[in-house]
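Visitor: Could you take me through the cysteines in this model, please? I would like a close look at them, and then a word on the chain around them.

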Amino acid sequence: MNGKNLSNKNVIQIKSRGVEYLQFRRFIEYEDKIEHCYSLRPLDYNMDNKDKTIDSYSKICTALNLDVEKIYRPKQTHSNNIKIVLDQEAGIYGEFTDVDGLITDKSNKILSLTYADCICLYFYDPVKNVIGNIHSGWRGTYQQIAKTAVKILKQKYGVKPEDLICRNSTKYKKMLL
């Protein structure tokens, strides 16, 4: 990072175990139920460099006391496709392809997506204890991926939109766990 503290009334910047990341203050209220972050450079999740990607995931998981073996990372394609994470095999190079959103109510699942200049949406319903991590590029936005996510949350989990907490960021780049 450039040394500038990015903390504000909505976001807090954290430095831990050699990595920097951002967390939403509103989600920190539920730290007994969920963990989340946007990791910052120099971590790199470029899927073309497997060693660097695995190293970056290991570092951020260590900082957050999470198990790197519990990561669900799809191959994103700027679609409006969303998958529900149940008991599929986890993995950084896992089975989800052509997916730009993940939703689950299962504990011990890390939903990981990457963002460049796209919008990231993180949904949490503290009543139903359901989370969603959505990548909304221009194609996904045009195809209403956020609306699709809310529809799935309502239909599959009985989520009431008024109970949903949603945070997004177009300024902060990288990964949301």
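Guide: Happy to! The model is a predicted one, and the count of disulfides in it comes to 0. Let's take Cys118 to see why: its sulfur lies 9.3 Å from the closest cysteine sulfur, that of Cys120, and this is too far for a bond, because a disulfide needs the two sulfur atoms within 2.5 Å. Cys166 is in no disulfide either; for Cys166 the nearest cysteine sulfur is again that of Cys120, 9.4 Å away. As for their surroundings, Cys118 has 9% relative accessibility, so this residue counts as buried. Cys166, with 33% relative accessibility, counts as partly exposed.

Now for the chain that holds these cysteines. Its secondary structure comes to 4 helices and 12 strands. Of its 177 residues, buried ones make up 47%. The radius of gyration is 15 Å, which agrees with the value near 16 Å for a compact globule of 177 residues. The C-alpha trace spans about 40 × 35 × 30 Å along its principal axes. If you look at contacts between residues at least 6 apart in sequence, 55% of them join residues at least 24 apart.

Turning to the surface, the chain exposes about 9400 Å², and 45% of that is supplied by carbon and sulfur atoms. Finally, a point on charge: the chain has 28 positive and 21 negative charges, and the mean positions of these two sets are 6 Å apart.

Methods
Residues numbered from 1 in each chain as written. Predicted model: local features only at pLDDT ≥ 70, side-chain atom pairs only at ≥ 80, totals over all residues. Heavy atoms only, no water. Buried < 20%, exposed > 50% of the residue type's maximum accessible area, 1.4 Å probe, protein only. Helix = DSSP H or I, 4+ residues; strand = E, 2+ residues; numbered from the N terminus. Rg over C-alpha atoms; globule rule 2.2 N^0.38 Å. Contact = heavy atoms within 4.5 Å. Areas by Shrake-Rupley, 256 points an atom, 1.4 Å probe, with all protein chains shown as cover. Lys, Arg positive; Asp, Glu negative; His and termini not counted. Charge placed at Lys NZ, Arg CZ, Asp CG, Glu CD.
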